[in-house]
Amino acid sequence: MKAPDLLPPRPTAPVCRACGSADLVLRGKKSGEFIRTEFSFHQCRACELLFVEPFSGFEIYNDAYYRGAGPDPFVDYETEYRDYRRTDRALEFADLARLAEAHLAASSASYPSSASSASSASSASSPVSPSPLHWLDFGCGAGGFLKFLRERATFAGRPLQLSGHDVGSYAELLRSTDGFRILDFDEISREPSAQFDVISLIEVIEHLPEPAAAIALVARLLKPGGLLLLTTGNLDSPVARRHGIHYRYCAPEIHVSLFNPRCLARLYAAHGLTPLPVRYLGTVVFKVVKSLRHRPVLRALAHLALKFPPFVRLVDHLYGVSAMPCAVKPTTHS
Ligand SMILES: [Zn+2]
């Protein structure tokens, strides 16, 4: 018997999951709540991504997780699937739709011919029927956002054609019962390039162990001039900086790729996307009231307080919500 066979394999040194750099600093370790492993939080000195090792796999996304009985106590797939209007996510959906409409209106004004025949048609009140607006909700989960969008007959004057991407029992329900076009991993990777006017990635990228691959895919699937609506936590916000890796958002079983605005902008640029500054409103309110899901009195008070714009701006500053850019795929004009 050869002695080397008896030795355990040497662990390979981690490299950054966004840029591949080996220049990392260990920010600390903590145990998961459900998986009692010590997880390491590495930060890349080159691009600032904070990522978790080891990646514990996608098995954690089971029925208990969907019920909010897993590492994220604030998810409630069942209610969202049955009627998203009964969840606070409706605030977020309306806010995201507002941002997309503003972007589409601005881009069709700048590039009427590239945006679509639709925008030029509507502005000239010509009878030419508008071209469909293709929207992909990447990581569509329980499908609340798809349903919110489907209830609108048109978007920015154009009929909507919706697709979702996810896997698991809710993806199956959305496909078979609700008739949505839901793409699994293989289907989305085979999707032709430049298909979508808008792609939404709402609180998804922090769950992905290979965030660069997801942004590369999204950048390929967007049409020139297309919009990427992406939300994720800001690890450079005042609240996050105060708590470090003990920030509640740093849940190592599920949130494995953690960003700040600079890191996110670098990742966009590395894949040919241009960062787009945004100003969230309902999304900020949603983030607060969602975290009070199990505290109804505080939640009702927060709903009231967040009707005051200065309070929304304060919360936005503390959590750095609007500091995280969205992105646009440049047109050949720009
Ligand atoms: Zn990096």
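Partly exposed means a relative accessible area between the limits for buried, under 20%, and exposed, over 50%. The views below all come from a predicted model.

**View 1. The loop residue A194 has a positive phi.** A194 sits between helix α8 (185–190) and strand β8 (196–202), in the loop that joins them. Its phi is near 55°, a positive value in a residue that is not glycine. A194 has a relative accessibility of 33%, so this residue counts as partly exposed.

**View 2. E203 is another non-glycine residue with a positive phi.** The value for E203 is about 50°. E203 belongs to the loop between β8 and α9 (211–221). Because its relative accessible area is 18%, E203 is classed as buried; the limit for that class is under 20%.

**View 3. Four cysteines hold the zinc ion.** The SG atoms of C16, C19, C44 and C47 coordinate the zinc ion at 2.2 to 2.3 Å. Angles among the 4 donor atoms run from 103 to 116°, and the site is tetrahedral. Along the chain, the donors are spaced as C-x2-C-x24-C-x2-C. C19 and C44 link distant parts of the chain, being 25 residues apart: C19 lies in the segment before β1 (24–31), and C44 lies in strand β2 (residues 38–44).

**View 4. The zinc donors C16, C19 and C44 are shown with their surface exposure.** C16 has 4% relative accessibility and therefore counts as buried. C44 is also buried, because its relative accessible area is 2%. C19, at 41% relative accessibility, counts as partly exposed. A disulfide is a covalent bond between the sulfur atoms of two cysteines. The structure holds 0 disulfides.

**View 5. A cis peptide bond joins E53 and P54.** Omega for this bond is about -5°. P54 is located in the loop that runs between β3 (50–53) and α1 (63–66).

**View 6. A nonpolar patch lies on the surface.** The patch is formed by F308, F311, L314, L318 and Y319. Together these residues have about 470 Å² of accessible area. One of them, F311, is part of helix α14, which spans residues 309–319. F311 has a relative accessibility of 35% and so counts as partly exposed. Residues in such a patch need over 30% relative accessible area.

Note on methods: Residues numbered from 1 in each chain as written. Predicted model: local features only at pLDDT ≥ 70, side-chain atom pairs only at ≥ 80, totals over all residues. Heavy atoms only, no water. Patch = residues over 30% accessible without salt bridge, like charges linked within 9 Å, V, L, I, M, F, W, Y side chains within 5 Å. Areas by Shrake-Rupley, 256 points an atom, 1.4 Å probe, with all protein chains shown as cover. Salt bridge = Lys/Arg side-chain N within 4 Å of Asp/Glu carboxyl O. Helix = DSSP H or I, 4+ residues; strand = E, 2+ residues; numbered from the N terminus. Buried < 20%, exposed > 50% of the residue type's maximum accessible area, 1.4 Å probe, protein only. Donors = N, O, S within 2.8 Å, 3.2 Å for Na, K, Ca; no water. Tetrahedral: all angles 85-135°; square planar, octahedral: opposite > 155°, others 65-115°. Disulfide = S-S within 2.5 Å.
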